[in-house]
Amino acid sequence: MKNASGSVAGGGLKLGVLLMATPLLLWLLLLVILPHLDLLMVSLRERISYGKYAFSFTNYIEFFTEPLYWNTYVRTATMSILATALTLVIGFPISYYIAKVMRGRGKSVLFLMCLIPFWVSELVRTFGWMILLRESGVISHFLQWAGLVDGPVEMLYNDVTIMVGLVYTSMLFMVVPLVSVLDSLDDSLIEAGYDLGGNAFTVTRDIVIPHAMPGIASGCIVVFMLTLGNYLTPNLLGGKSSLWFTEQIYTQFITRFNWESGSAFGFLLLVLSSLIVWLGLKLSRQTLSDTVG
Amino acid sequence: MSKNTGSLRATMFGVSALAGVMMLAGTAQAEELRLLTWGGYAPDDVIQMFEKETGIDVEVTLSNNEDMISKLRATGGGGFDLAQPSQDRIAGAQMEYGIYKPMDLSKVDAAQFIPSMLAATKTNTTVDGKVYGLPHIWGTSGLVVDTKKAADVKDYTDLCNDSVAGKVSYRLKRPTLIGFAFAMGMDPFAAYTDEAKYQEILDKVQEKLIECKPNVKTYWEGGDALLNLVRSGEVVAAMAWDTGGWKLNNDNADITFVAPKSGALGWVDTFALPRKSENEDAAYKWINFVMQPEIAAKITASAGNFTASKGADDFAEDKLKAQFKNSFPQEALDNIKWYPPVPAGLETLEGKALDRVKAAQ
């Protein structure tokens, strides 16, 4: 873009470039920048009385002084990181199998099977899990029928269930970038690794993972963002102790009419996610341009 | 106050539906009434009769109290021609956000309303001498109980009994706080105007609810989810709306609605005009239409709750009337605690208490 406009002199083409960029600029301005500015303004005011507001940092102070909000915030971040790590650990072998082991039709079939659950909405998928895991659900009945347990078992409404739901929901977003990056790895490199006396572990560590790093990073970023911003899964599967930060924001906005603290929380979530992604990139020595490019 | 889930999905759907409706409005030929209401309050057969009589199309958006206020607040009272918030949530929202416009009482046929209910609703929804709401449907919340398996549940606090441990559900919303406060011998409504005293009550209720948390299977959100929990037997006692209990009673005679010893909580859903209502005439036509006794009885059959229409009881189904009598002997009826208007600011206190309950381990 920069080269193209730089090499051509005269205002005519610059205008053309500008026109071409207009949709993007409008998108950024109207749908990203302006709403965020508005959010920031709202988060920095305090309700005085009916319809009267004044500038204040109350909402942010409130967040830092109330352990409840803190705990939810930290809990959401840790659970999201854990879910991302689990998705990676489960998704990597699957992707490797699809990309390197399977050939021809089997490959497309496997890939399609990863894709199919995502043809229905997240809500339906979550309800599916609820039907399976609830006390009067499929798994509970099966266990009783098989004589493994005496009474009904409740598997819903705890942290493990939330984790299962989150990993399941985001699996595809890990598998797709990993398959594409592993596909681009030349098989002869792996063979060469074995020829030079490497074993499965050293080949994976020294050849496959370094090559797959951009895919791993982009998969992790997407999965982490989706998990952190997920509302349905923690809410439905977590039940009485779900405690997810997005849920907190939703409650502030919709049931408490407290747009001020809702906006402040929204901003804090933005800061948190940016910070964690930045840290993750630093630690894995990746850059954002490598990852998305 | 009925069966709609107030989920984010629903909100998003509502917003996109709203956008769609606004786009269509420019090209639409027929007159249109955009109604923001609860599930069951505008059944299809009533809408069809109304369209036939007046030629006005009715566009229904399902919602709940908080969601209605949020939607109207976001648009400054636009996007809908008639809304149906509960009577206790009008005055506060009007003073705070100015989302409604006063009712023109001369356009409404007052003779169709039950006089006592009309007078009470008018008083509760008056701001600066102007009336903002008229009564439509009323009902209560209390306990839905499997009388075989949880015979000892007679009041809200009985939900914390060991006999029903792990088989209880209620919402984490303001009616729960208020119900528990009454059951614990306090009067939260009397403390509405005194924030310090109200906070004191909330602290005690919060402590009780935290103590009670191990008993709870899950905090329900949508009415349908709760009905499923009770129907499957996973929950044997819950705090819920009367109509839910009666619906379950149709399938399983053991389950019914029980008016708690400390009093069921009575609500009245109203008609209110959003400030930027574009078709007020249609709104008044709808009000007068649905308040006719025969029509009101149809709505009762669909929503499961009785209306403020005078004489509609004669047309209501006998089964529902019997269920109502069963749940509400005369003294329980007299003991209903009707919600007074909520002063703004209390919801923030309540919200924090609820958050702490949810966060407690």
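I count a residue as buried if 20 or more other C-beta atoms lie within 10 Å of its own. With that cut-off in hand I went to chain B, where 50% of the 361 residues count as buried. I keep in mind throughout that this is a predicted model.

**Entry: confidence in chain A**

I looked up the pLDDT of chain A before anything else in that chain, and found an average of 87, with 94% of the residues scoring at least 70. Residues 1-9 of chain A are another matter, since the pLDDT there is below 50, and beyond near neighbours in sequence this stretch has 3 contacts in the model. Where pLDDT is low, the predicted coordinates should not be read in detail.

**Entry: domains of chain A**

I then noted the division of chain A into domain 1 (1-43) and domain 2 (58-292), whose centres, taken over C-alpha atoms, are separated by 33 Å. How many residues does each domain of chain A bring to the contact? I find 4 residues from domain 1 of chain A and 7 residues from domain 2 of chain A. On the side of domain 1 of chain A that touches domain 2 of chain A, I list 3 nonpolar residues, 1 polar residue and no charged residues.

**Entry: overall form of chain B**

I went on to the secondary structure of chain B and recorded 14 helices and 15 strands. The radius of gyration of chain B is 20 Å, close to the 21 Å that the globule rule gives for 361 residues, so I note chain B as being as compact as a globular protein of that length. Along the principal axes, the C-alpha atoms of chain B fill a box of roughly 60 × 45 × 40 Å. I also checked the contacts in chain B between residues at least 6 apart in sequence, and 78% of these join residues at least 24 apart.

**Entry: domains of chain B**

For chain B the domain assignment gives domain 1 (8-138 + 266-337) and domain 2 (142-264 + 341-359), and I read a distance of 26 Å between their C-alpha centres. The contact takes 20 residues from domain 1 of chain B and 17 residues from domain 2 of chain B. Which elements give two or more residues to the side of domain 1 of chain B that touches domain 2 of chain B? They are H4 and helix H12 (318-327) of chain B. By class, I divide the residues of that side of domain 1 of chain B into 7 nonpolar, 9 polar and 4 charged.

**Entry: helix H11 of chain B**

In helix H11 (residues 293-303) of chain B, I find Ile295(B), Ala296(B), Ala297(B), Ile299(B), Thr300(B) and Ala303(B) buried. What covers the buried residues of H11(B) includes helix H2 (44-54), helix H9 (242-251) and helix H10 (280-290), as well as strand S7 (134-146) and strand S14 (306-307), of chain B. After H11(B) comes Gly304(B), with a positive phi near 85 degrees.

**Entry: a parallel sheet in chain B**

I traced an open sheet of 3 strands in chain B, in the order S2-S1-S3, with parallel pairing. Strand S2 (57-62) and strand S3 (82-83) of chain B stand at the edges with a single partner strand each, so one side of each is left without a neighbour in the sheet. Strand S1 (residues 32-37) of chain B pairs with S2(B) over 6 bridges, and I noted Val58(B) in S2(B) as the bridge partner of Leu33(B).

**Entry: two positive phi values**

Most residues other than glycine have a negative phi. I therefore looked up two exceptions, of which Phe257(A) has a positive phi of about 60 degrees and Asp128(B) a positive phi near 50 degrees. Phe257(A) is found in the loop between helix H12 (245-255) and helix H13 (259-283) of chain A, whereas Asp128(B) lies in the loop between strand S5 (126-127) and strand S6 (130-131) of chain B. Are these residues buried or exposed? Phe257(A) has 22 other C-beta atoms within 10 Å and is buried, while Asp128(B) has 8 and is exposed.

**Entry: the interface between the chains**

Last, I looked up where the chains meet, and found 25 residues of chain B in contact with 21 residues of chain A. On the side of chain B that touches chain A, at least two residues each come from helix H1 (8-27), helix H3 (65-75), helix H4 (91-97), strand S9 (216-219) and helix H14 (346-359) of chain B. The largest share of that side, 7 residues, comes from H14(B). I divide the residues of the side of chain B that touches chain A into 7 nonpolar, 8 polar and 10 charged.

Notes
Residues numbered from 1 in each chain as written. Chains lettered and ligands numbered in written order. Predicted model: local features only at pLDDT ≥ 70, side-chain atom pairs only at ≥ 80, totals over all residues. Contact = placed C-beta atoms within 7 Å. Helix = DSSP H or I, 4+ residues; strand = E, 2+ residues; numbered from the N terminus. Nonpolar A, V, L, I, M, F, W, Y, C, P; charged D, E, K, R; others polar. pLDDT = per-residue confidence, 0-100. Buried ≥ 20, exposed ≤ 12 C-beta atoms within 10 Å, placed from the backbone. Domains from an automatic or database assignment. Rg over C-alpha atoms; globule rule 2.2 N^0.38 Å. Pairing = 2+ DSSP bridges.
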